[in-house]
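Welcome, and please open the structure in your viewer with the selection tools ready. We will go from stop to stop, with something to select at each one.

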Amino acid sequence: MGAGAQTSKAEKDGGRRKKKLTPMLAQYLSIKEQAGDAILFFRLGDFYELFFEDAERAAPILEVTLTSRNKGDPNPIPMCGVPYHAVEGYISKLLAADLNVAICDQVSDPAAAPGLVERDLVRIITPATVLEEGEGLVQTRQNHLTAMVRHSDGNAVGIATVEISTGELRVCLAPGLEAAREELGRIAPREVLFPPDDTDLEGLASSVTPAVSPRGAPDARWAPRVDDEIDRHLEGRRDEFSPAEREALRRALAYIAETLRCGFEHLRAPIRYEMSDHLLLDERSRRNLAVVEGGSGTAHGSLWWVLDETCTSMGSRHLRDWLLYPLQDLGRISERLDAIESLIESPGLRRELGTQLKAIGDFERLVARFGVGRAGPREAARLGRALDAAASVPELLIESGKTSLLVSLADSAQSPAGLGAHLAAMLADELPVHATDGGVVRPGADAEVDRLRGLGRDAEQLLAELESRERSSTGISSLKIRHHRVLGYFFDVTKPNLSLVPDHFVRRQSLASSERFSTPELQDLEQQLSTADARCREREAEIFQEVLELVRGQEVHLTAQAAALAVVDVLLGLADVAHQRNYVRPELHRGTSLDVREGRHPVVERTSAAGSFVSNDTQLDETDRQLMIITGPNMAGKSTYLRQVALITLMAHAGSFVPAASARISLTDRIWTRVGAGDDLVAGDSTFMVEMKETAAILSNLTSRTLVILDEIGRGTSTYDGIAIAWAVAEFLHDFEPAPGAHAKTLFATHFHELVALAQSHPRVVNASVTVREWKDDVLFLRKVVDGPASRSYGIAVARLAGVPDPVVARARDLLRKLESGEGPGGAEGLASATSAPTAQIELFSGPEETLRQSVASIEVDAMTPLEALNRLHALVTEARREDF
Ligand code: ADP
């Protein structure tokens, strides 16, 4: 929502209660103005209250009762409230409903000063700036905020991404809008910031994610800090970043400053990357290969899911990142592979490292909480324990092998000297949530705290003594010292004993059955007790602040340590998977050939019965085996085979071992995968259009290092169109030379048998098929990929397997026999051999008039709705008017 809308809303709210503006409401409205379109949670005692339109919008979402503040008034103010201690759950409900939340707290002590309590806006919570799981932060997912700014050339886009809960900052320059779209898809941010006047970027943002409203210039009080911060972060590196990247970074930081109102200590130095540093995979290919998301839209069934044997959620997040950003640098890839290899060879150390990592937990997000000022005593104690568990990690790493990566991780994973021990020594065993609750400091850790606690205990002892002394001197056997919240300590004397009360007792209060008295001595003791208690809390809070300062002083060290520990966890997990599932180390090279022996599909293998997955070889190169046409009936295993080659390639580039007996893999810059629209025939033309657009994108972006996977391309249209398009696409992929003599390796699965003829006239095309065996009219899937075309179509056998009624199957067999013997069911010429040219093949089918006649004859008018009938009529007319009819 723009600034104009905010003002008018504030005015409207203001107008509603103009008559009686209490000081508190005036305070509310001025804070509400700062909160913009966020729902304002206004702290009133033990509740957060919502007023006016905020209350009306939020009450149904929060499922709380909407009431009003001044019921008698003809213009009552709508309000609702939630208890402050349960606020997180309510916040997450509003965030889930796409609303932002502003938190206004009491910043002065209500007891300290009379009159209106001071209040301030302390934080605006938006989807990308949540910091708590209770607010909706997902443990194993990054929570990204991305800002985009156009480069001065008008095309390139500076993209800055922040993960607030870990402090990670990444920046890149996408060369054009399309590249920016792809990068945004890979980042999958929770919020995108874009300049308000850039409609292209706005369109881009909304195509990927629920975009946030553009925020203009940040609140003036934050701007200088943001500029300082950028200067600090980019010190000596300014030239590394283009102006668009710097501006994107500035906007992202400004947004954080405005919403979180915290410092930037925990943000790491920005990492600058080029999109070409990583193997590219567009959004559709990523989904098609189920890289980080399975069919259900969750991780289940994805490559990430299979490989994720990490011990901590930070490890899980980093693994996801490795899969989204596979490398192009052979040196870095082998560093990872070396480390994994070493770890596989040391099972004992692996187990020990695993135990330590589990104890360390999500160190990354824990450390970041100190940076954003959201760490209490319990977090500090957790940090102490994590540091303690982390202490042995460097040594274990060095013991598992001196590979360059393990050695450098051992170095960065060192705990800051003495910090863990200091935390353990200072903090009590049982800790309160807030430092001001008292009981934070370990007994014996601070002499002053011990002394004050001693005073408190002494005073309690003296109270008990005083009570028994006065009891015997007065002779009132029921005399007791009691405590009242307002009155403090008093002697309680029941009515029948009033005559025994001595002179030095001062009456404080009379009740129906008793009277309350004080004495100077009692007052002294009370004073001593409450002073000791207050001073003790003060001192404890002071000590805790010192502890926090100490941690903050180590923030840079701790964030680097966190990153190292996360990488250790990923490597350890990958070593575990490789060991458990018999993966091998892939060999990556700068050549162009791919040679996988006994390769398996990691996900299908994992979900099939043990040992039942059939492995397959793949050989591709630029000279003889560039384009592989894979035929075979439905369900034979064509798609699985295609995807397995793509996944093995991707895993190798991520630095993981791969499911195969051996794998030599050429450095690959991009994997394109496209799946035909055939499964979605209802959507008809539009789906086919999408398919063709995507194919066009592939054909115009080929390099010799591209791996192309096409599955049933051309299925979304009529048979002739489909064959023709599939044929032409295959031909283009074969002939096209992105560089002299270079060709893109391609796997092409099709059920258009006609395509096997390509191999005759195109030297780099090879035919392959997935074997099936016919047995008693049924079909047995052998899942073995062999060179050579499929011998015939097993469609009828598959139809039978799927439960098509026997008479239909019998009739199909009859027709097939006729076709094969040359009789043809509708006067066709006969079935040409599998290797004949496509034109000959096309003629074997009945002519277009016959197809149209059959289409009309098969219409069952009685079974159609009027709309279906109209649609069918429209389709028939379109068919009859076709130019090539
Ligand atoms: P197609 O693309 O030829 O229609 P799919 O690749 O979808 O066939 O495979 C169909 C099913 O067969 C898969 O869901 C999988 O369960 C199984 N399958 C495929 N390949 C193999 C294999 N190599 N070993 C074991 N099962 C396989």
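Which helix gives the most to the shell around the ligand? Select residues 638-654 to see: this is helix 23, which contributes three residues to that shell. Keep in mind during the tour that the model is predicted.

**Stop 1: the ligand**

Now show the whole shell. Ser612, Phe613 and Val614 are part of what surrounds the ligand, along with Pro633, Asn634, Met635, Ala636, Gly637, Lys638, Ser639, Thr640 and Arg783. If you colour these residues by class, you will find five nonpolar, five polar and two charged.

Next, turn on distances for three polar contacts. Start at Val614, where a polar backbone atom is 2.9 Å from a nitrogen atom of the ligand. Move to Lys638: here a backbone N or O atom lies 2.9 Å from an oxygen atom of the ligand. Then pick Arg783, which has a polar side-chain atom 3.2 Å from an oxygen atom of the ligand. As for surface, the ligand taken alone exposes 560 Å², and the protein buries 76% of that.

**Stop 2: the seven-stranded sheet**

Switch to a cartoon view and look for an open sheet of seven strands. Its order is 12-22-23-24-20-25-26, and the pairing is mixed. Select residues 280-281 and 778-787 to mark strand 12 and strand 26 at the edges. Each of these has a single partner strand, so one side of each is left without a neighbour in the sheet.

Within the sheet, select 627-631 and 745-749, which are strand 20 and strand 24. They pair in the parallel sense over four bridges. To find a matching pair of positions, label Met628, which stands opposite Leu747 in strand 24.

**Stop 3: a hairpin**

For a contrasting direction, select residues 506-510 and 514-518. These are strand 15 and strand 16, which run antiparallel and are joined by four bridges. Together they form a hairpin, with three residues between the strands. Label Ser510 and you will see it opposite Glu515 in strand 16.

**Stop 4: the second largest pocket**

How much space lies in the second largest pocket? About 1,400 Å³. To centre your view there, select Asp105, Gly373, Arg374, Val433 and His434, which are the closest to its centre among the 38 residues of the lining.

Several elements each supply at least two residues of that lining: helix 4 (87-96), strand 5 (101-106), strand 6 (119-125), helix 15 (377-390) and helix 20 (520-553). Helix 20 has the largest share, with five residues. By class, the lining of this pocket divides into 19 nonpolar, six polar and 13 charged residues.

**Stop 5: the largest cavity**

Rolling a probe the size of a water molecule over the atoms shows where empty space is left. The structure holds five cavities of 30 Å³ or more, and the largest cavity has a volume of about 60 Å³.

Select Gln142, Glu163, Thr166, Glu168, Arg170, Arg317, His318, Asp321 and Glu364 to display the lining of the largest cavity. Strand 9 (168-174) and helix 11 (313-324) each supply at least two of the lining residues, and helix 11 gives the most, with three. Which classes make up this lining? Colour the selection once more: no residues are nonpolar, three are polar and six are charged.

Note on methods. Residues numbered from 1 in each chain as written. Predicted model: local features only at pLDDT ≥ 70, side-chain atom pairs only at ≥ 80, totals over all residues. Heavy atoms only, no water. Near = heavy atom within 4 Å. Polar contact = N/O pair within 3.5 Å; in protein donor to acceptor, adjacent residues only side chain to side chain. Areas by Shrake-Rupley, 256 points an atom, 1.4 Å probe, with all protein chains shown as cover. Nonpolar A, V, L, I, M, F, W, Y, C, P; charged D, E, K, R; others polar. 1 Å grid on protein atoms, 1.4 Å probe; cavity = no way out; pocket = protein on both sides within 12 Å on 5 of 7 lines; lining within 4 Å. Points joined across faces, edges and corners; volume = space filled by probe spheres on them. Pairing = 2+ DSSP bridges.
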